[in-house]
Each structure stands twice: as structure tokens, then as C-alpha cells.
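Reader: I am new to this structure and would like a close look at a single part of the picture, namely the charged side chains and how they pair. Could you take me through that slowly, with enough of the surroundings for me to find my way?

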Amino acid sequence: MTAKRQVTVYTVQTVAWEYNDEYFDRDDRTFDPKLHGQADSNYLSDPVPVQSFLTRRKAEAHRRAMERERRADRNPFQYGGYGDDLTQYSTHSAQAFTERMQILGVEPPEFDRRGQCEESLWNWWAEQCQGLDDDLRNAVWDALDLVIFYQVVPMRVEVEG
Amino acid sequence: MARRKKDRLYLVERVVWNFIGMREVKVVPTYLAQMAKLNPLTSGRSLPVFGRGEGLVPVKAFRDRADADALRDNLDQAAWAGINPFHYGSQVRDWSSFDEGRLRDWLLDHGLEPPAGKKVTPTRWREWYDQRHEALDEFQRRAIRQGLDRVVFYQVSELAE
């Protein structure tokens with residue numbers, strides 16, 4: 001029997017965030033055809049592919065565009081924690097994050113020696129970032145690299161012809 | 001210069017419909033027995049209602065557009081066999097690119113008497129389909145599918161490198 005030929009497609013998938021009555025908590029699942037492959041079985045919060053591409057480069061470009069659209073006027077610090085611990089939102093250290101804000105010309109939040117924000121990061125966003133122009137606000141959000149709504153996931157798909 | 005054929009694929013994708021609610025019924029129509037099983041909170045006397053999600057799940061890729069279209073048509077036809085299409089969405093614009101008046105005219109043109117009244121509720125449309133489903137001939141079934149052109153379960157996307 002000949003093996004079925006397959007091709008890799010790069011899917012842009014939604015990231016699942018579940019509201020826990022205080023903030024949105026990230027669910028690290030990706031789309032699983034076994035779990036979510038049945039017609040009509042999806043719930044709104046399930047991760048799901050939204051568009052597919054033949055190259056990772058194109059998929060990443062689309063993901064970035066969708067990410068910007070989804071961010072809109074959301075506050076990133078509602079996603080991942082109580083708004084006091086930067087490590088729940090970013091892989092950058094408090095120092096690196098502060099330096100990045102200074103380069104962007106944005107007043108950074110104040111962190112203590114442990115990297116905890118002394119005031120709410122929710123408020124810092126509302127006061128310092130919400131009113132920025134789109135490009136600058138997105139540049140700040142880009143530093144919060146754990147708060148994403150889409151991710152690129154390769155999938156193997158049978159190909160014929 | 002024309003793009004080489006191997007640089008593009010035609011991807012059949014499953015359209016994701018998310019569960020959004022239930023329709024209570026006194027008796028589940030026989031033809032909807034399978035649909036009743038899709039009810040994640042099954043009580044035996046309710047049928048699920050779905051809303052179109054943003055998901056497009058890769059199913060199979062083809063080098064040839066006609067092959068992809070053929071699979072899409074077959075899968076879509078199979079999906080339509082055991083459903084009430086008015087459960088896929090909650091208003092005329094979810095079901096059709098016609099407005100309500102044009103949809104009614106379309107049905108009349110194909111020998112189908114639409115539900116009476118100026119503002120017909122989603123429940124009334126669903127009951128109307130339940131009542132007529134068994135008696136529809138092939139011509140009328142096709143006309144309903146064409147008229148409800150937004151109730152689709154599969155589509156083809158062209159992917160290029």
C-alpha cells in the first residue's frame with residue numbers, strides 16, 4: 001500500500017483564554033483534530049485554525065495583522081494575572097521591559113526589586129498606553145509577548161494530485 | 001510569468017460552527033436524530049443551534065481546483081443531509097445573502113410556500129423546514145441550499161507560496 005502524501009500547512013490558530021471571574025486565563029491547548037475535529041463540536045473558547053498558508057512567513061504576517069486587530073482597545077493586563085507581576089505577561093525582565101519603554105518614549109511602570117509592579121499594571125496601561133497612537137501602542141504590547149490571541153501552528157494535511 | 005502549478009494548492013476546509021444555544025421541541029423530528037446527538041447538553045427534547053465561528057479547519061489539499069471543489073461539494077451535501085439549516089444562525093442574514101423578502105420570493109419561485117407573516121421568527125423558520133423536509137423533492141432541496149448560501153460546512157481556499 002502506498003503511503004498517503006502529506007504537506008505541511010501553517011495554520012494561524014486562536015489562543016484560548018478562559019475568563020475566571022477576575023481575569024482571562026490562558027489555556028495552552030492548540031487545536032486537536034481528535035478533540036475538536038467533529039463537525040459542530042466547537043465551543044467559542046476552543047482553539048481553532050482560522051486561516052492556512054503554505055509558508056510560515058505568510059502565516060506570521062497574517063497572525064501579526066490579526067493580533068493588532070484583536071488588541072483594539074483591550075487592556076493586555078486583563079489577560080494572564082492580577083496585573084502586578086510582569087512575568088505573567090512578558091518574557092522580558094522588569095529591567096529589560098523598562099529599558100524598552102524608555103526607548104519607545106513611554107513612561108514605564110515602577111517595579112520593586114522583585115520585579116513586582118507597585119501599582120496596578122492595568123492602571124499603568126490605561127493611563128500611559130491606552131491613548132497612544134496605534135503603532136506605538138502595538139509596540140508596547142509587542143513587549144508583552146505572552147499576551148497573544150493567535151499563534152502559528154504547523155499541521156500535516158493529506159495532499160492529492 | 002505564470003506561477004508553477006506546484007507552488008499552489010487548493011485546500012478544502014471545514015467551516016467551524018460554534019454551539020450557541022438550544023431550541024426546545026416537543027418531539028425530535030426523525031431526520032434530526034443525528035443532530036440531536038450533537039447537543040452537548042442533551043435532554044432529548046432540544047436541538048442545538050450554532051453560530052458561524054471564525055474557524056477553518058484544513059481537511060485535504062489538492063493540486064487541482066476541480067478535485068478540491070468536488071470534495072467540498074460531496075462533503076457539504078453529506079453535511080446537509082441530516083440537518084435543519086435554520087439551526088445554523090439565528091436570522092435571515094446568517095442563512096442567506098438574500099434579504100427576507102428576496103428569500104421568500106426565491107422560495108416561491110421554486111414552488112415553496114414560505115412561512116406566513118411579515119416578521120418570521122427563527123423558530124417559525126425552523127418549524128417550517130421540519131414540516132416540509134420529508135416532502136421536499138430534489139429540485140426544492142437544491143433551491144433551499146442555493147437560497148441559504150451562507151449555511152456552508154466546507155469551502156476551498158487557494159494557497160500560494
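**Charges and their pairings**

Author: A good place to begin is the balance of charge in chain B, where the mean position of the 27 positive charges and that of the 23 negative charges are 2 Å apart. Please keep in mind throughout that this is a predicted model.

Before turning to single pairs, it helps to see the chain that carries these charges. Chain B is built from 6 helices and 3 strands, and these elements follow one another along the sequence in the pattern β-α-β-α-α-α-α-α-β. Along the principal axes, the C-alpha atoms of chain B occupy a box of roughly 60 × 40 × 25 Å. Of the 161 residues in chain B, 47% are buried, and the surface that chain B exposes comes to about 8400 Å², with carbon and sulfur atoms supplying 49% of it. When contacts in chain B with a separation of 6 or more are considered, 75% of them are between residues 24 or more positions apart.

Now to the pairs themselves. Side chains of opposite charge can pair when their charged atoms come close. Over all chains, the rule used here counts 19 salt bridges, and 3 salt bridges are found across the interface of chain B and chain A. One that joins the two chains is formed by R70(A) and E54(B), with a distance of 3.1 Å from N to O. The setting of such pairs is an interface in which 28 residues of chain B are in contact with 30 residues of chain A, and the area buried between the two chains is about 2400 Å², to which carbon and sulfur atoms contribute 58%.

Within chain A, R63(A) and E67(A) form a salt bridge with a distance of 3.2 Å from N to O. These two residues are 4 residues apart in helix α2 of chain A, which spans residues 56–71, and so they are separated by about one helical turn. Both R63(A) and E67(A) are buried.

A second pair in chain A reaches between two helices, for D142(A) and R71(A) form a salt bridge whose closest N and O atoms are 2.9 Å apart. Because D142(A) lies in helix α5 (residues 134–142) and R71(A) in helix α2, this pair ties together parts of chain A that are 71 residues apart in sequence. The partners are not covered alike: D142(A), with a relative accessible area of 40%, is partly exposed, whereas R71(A), at 7%, is buried, the cut-off for buried being under 20%.

In chain B, R72(B) and D73(B) form a salt bridge in which the closest N and O atoms are 3.0 Å apart. R72(B) counts as partly exposed at 22% relative accessibility, and D73(B) is likewise partly exposed, with a relative accessible area of 38%. This pair does not stand alone, since salt bridges with shared partners link R65(B), D69(B), R72(B) and D73(B) in one network.

As a last landmark in chain B, away from the charge pairs described above, you may wish to find G101(B), which lies in helix α4, residues 100–109. G101(B) counts as partly exposed at 38% relative accessibility, and its C-alpha atom is 9.0 Å from that of K118(B), a residue 17 positions away along the chain.

Technical notes. Residues numbered from 1 in each chain as written. Chains lettered and ligands numbered in written order. Predicted model: local features only at pLDDT ≥ 70, side-chain atom pairs only at ≥ 80, totals over all residues. Heavy atoms only, no water. Buried < 20%, exposed > 50% of the residue type's maximum accessible area, 1.4 Å probe, protein only. Contact = heavy atoms within 4.5 Å. Areas by Shrake-Rupley, 256 points an atom, 1.4 Å probe, with all protein chains shown as cover. Lys, Arg positive; Asp, Glu negative; His and termini not counted. Charge placed at Lys NZ, Arg CZ, Asp CG, Glu CD. Buried area = accessible area lost by both parts, 1.4 Å probe. Salt bridge = Lys/Arg side-chain N within 4 Å of Asp/Glu carboxyl O.
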